[in-house]
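Grab a coffee and open the model in your viewer. Below are a few exercises, each with a worked solution, so try each one before reading on.

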Amino acid sequence: MICLGLEGTAHTIGIGLVDHDGNILANRAEMYRPTVGGIHPREAANHHAKKIHPLLLSALEDAGISLSNLELIAFSQGPGLGPSLRTVATAARALSLSLGIPIIGVNHCIAHLEIGRIVTHCRDPVLLYLSGGNTQVISYANGRYRIFGETLDIGLGNLLDKFGREVSFPFPSGPLVEKAALKGSELLSLPYTVKGMDVAFSGILTAALTLHRNGSRLEDLCFSLQEVTFSMVTEVAERAMAHLEKDEILLGGGVACNSRLQEMVSTMAEERGADMTVPPPEFCVDNGAMIAWTGLLMHRSGVRMGIEDTMVEQNMRTDSTEVPWLSPGTTA
Ligand code: AMP
Ligand code: MG
């Protein structure tokens, strides 16, 4: 069975083709990049509407198959921006109805975890999921994927993008912050906002912009932003691992591409005798393959949806989704 996965929760439209055994046959994506300001939800949705068809054709060509070979359509049902979600869900419904094949709505956060499991071969990890919109520590416990810590305000990637916008870095700014941080050395004072198992980033953004206005070196600011925020999320992830007695940590989301983050988390993992795994960058960022693969896992374990079940859920929670492909008490 070949599944077409459509990802479109935010700025990226992704088309993935995955077979029944988890072989990734194609994975195409394009990111909407605003020329000024942040993501405008309607413009992101228009971008996706324009790109779906050409990306689909390229993905089919990459895989060497045609539409008639598809047997399942999976799409990102939430969480995300309403206009992006609705545009991609509409395309998924149209394809399902015109091809006469089943449709399945996928939880985007769980898809990050499942693609990480299949491409890095970890079994039962704690996922540190750090993207533009989301920052969560997720793991399997008592029959569900549950959130063990999360941001109370903005995502970590969003903090880097917002900071970058104010200091004239293009979007997305994370890679430029990483590059500038390599030339920084002084650890400036920024708030370290871990609250129990949760984190908060908006106060750090305000503090960093104040330091910028007061003349702190940009390189030192980028360095300090990374050191402080990456320490915060590493601390929470470590506490989740200790609490759950798990010995694998998986990174996901665009911020997981950052070398300093990987270094910090791998040091933590090593000190605990645990393993860290990181998918290749195309599977860290939002992508269609993760939606296709999770859709297949759902379908293989008996999940079925009618068109009436495919309403998007902007605030879909990680622990609201049943995971029948994992049996209670086990991992895979
Ligand atoms: P996603 O939302 O998962 O598709 O990832 C996009 C986010 O990842 C954006 O906020 C980027 O700024 C961020 N990002 C991408 N590469 C890096 C990097 N090397 N370091 C830090 N953040 C990054
Ligand atoms: Mg994501």
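**Exercise 1. Work out which residues come nearest to ligand 1, and describe the shell around this ligand.**

Step 1: list the neighbours. In this predicted model, there are 17 residues around ligand 1, and D161, G174, E178, G254 and N258 come nearest.

Step 2: sort the shell by type. You should end up with 5 nonpolar, 9 polar and 3 charged residues.

Step 3: ask where the shell residues sit in the fold. Two helices, α4 (156-166) and α5 (174-181), each give at least two of them. On the domain level, domain 1 (2-112 + 283-320) and domain 2 (118-280) each contribute at least three residues to the shell.

Step 4: look for backbone atoms facing the ligand's oxygens. A polar backbone atom of G132 is 3.0 Å from an oxygen atom of ligand 1. For G157, the distance from a polar backbone atom to a ligand oxygen is 3.3 Å. D286 also has a polar backbone atom 3.3 Å from an oxygen atom of ligand 1.

Step 5: check the cover. On its own, ligand 1 has 500 Å² of accessible area, and the protein covers 95% of that.

**Exercise 2. Find the strands that pair with β11, say in which sense they pair, and decide how well β11 is covered.**

Step 1: start with the strand itself. β11 spans residues 248-252, and 5 of its 5 residues are buried.

Step 2: split the strand into its two faces. Keep in mind that side chains in a regular strand alternate between the two faces of the sheet. In β11, E248, L250 and G252 sit on one side, with I249 and L251 on the other, and both faces are covered.

Step 3: take one neighbour. Strand β6 (residues 126-130) runs parallel to β11, with 4 bridges in the pairing. As a landmark in your viewer, L127 is opposite L250 of β11.

Step 4: take the other neighbour. Strand β12 (residues 275-277) also pairs with β11 in the parallel sense, this time over 3 bridges. Here E248 has D275 in β12 as its bridge partner.

**Exercise 3. Trace the β7–β8 hairpin and work out whether Q136 and S139 are buried or exposed.**

Step 1: set up the pairing. β7 (residues 135-141) and β8 are antiparallel partners, joined over 6 bridges. Q136 has E150 of β8 as its bridge partner.

Step 2: look at the turn. The hairpin leaves 2 residues between the strands, and N142 in the turn has a positive phi of about 50°.

Step 3: check β8 (residues 144-150). This strand is mostly covered, as 5 of its 7 residues are buried.

Step 4: go to Q136, which belongs to β7. The relative accessible area of Q136 is 8%, so this residue counts as buried. Its side chain makes a polar contact with the side chain of T318 at 2.9 Å.

Step 5: do likewise for S139, also placed in β7. S139 has a relative accessible area of 0%, so it is buried too. The side chain of S139 makes a polar contact with that of K246, at 3.0 Å.

**Exercise 4. Which peptide bonds are cis in the cases of P79 and P172, and what phi values do H121 and S168 have?**

Step 1: recall the background. Most peptide bonds are trans, and most residues other than glycine have a negative phi.

Step 2: check omega. The bond joining G78 and P79 is cis, with omega about -5°. P79 is in the loop between β4 (70-78) and α2 (82-99). The bond from F171 to P172 is cis as well, with omega near -5°, and P172 is in the loop between α4 and α5.

Step 3: check phi. H121 has a positive value near 65°, and its place is the loop between α3 (108-120) and β6. S168 has a positive phi near 70° and lies in the loop between α4 and α5.

Step 4: decide on exposure, with the cut-off for exposed at over 50%. H121 has a relative accessible area of 66%, so it is exposed. S168 is exposed too, because its relative accessible area is 66%.

Methods
Residues are numbered from 1 along each chain as its sequence is written. Chains are lettered from A and ligands numbered from 1 in the order in which they are written. This is a predicted model: local features need pLDDT of at least 70, side-chain atom pairs count only at pLDDT 80 or more; totals for chains, interfaces and linings use all residues. Side-chain values use heavy atoms; hydrogens and water are left out. A residue is near a molecule or strand if one of its heavy atoms lies within 4 Å of it. A polar contact is a pair of N or O atoms within 3.5 Å; within protein, one must be able to donate a hydrogen and the other to accept it, and residues adjacent in sequence count only if both atoms are side-chain atoms. Accessible areas come from the Shrake-Rupley method with a 1.4 Å probe; for residues, only the protein chains shown count as cover. Ala, Val, Leu, Ile, Met, Phe, Trp, Tyr, Cys and Pro count as nonpolar, Asp, Glu, Lys and Arg as charged, and the others, Gly among them, as polar. Domain bounds come from an automatic or database domain assignment. Buried means under 20% relative accessible area, exposed over 50%, partly exposed in between (1.4 Å probe, protein chains only). Two strands pair if DSSP finds at least two bridges between them.
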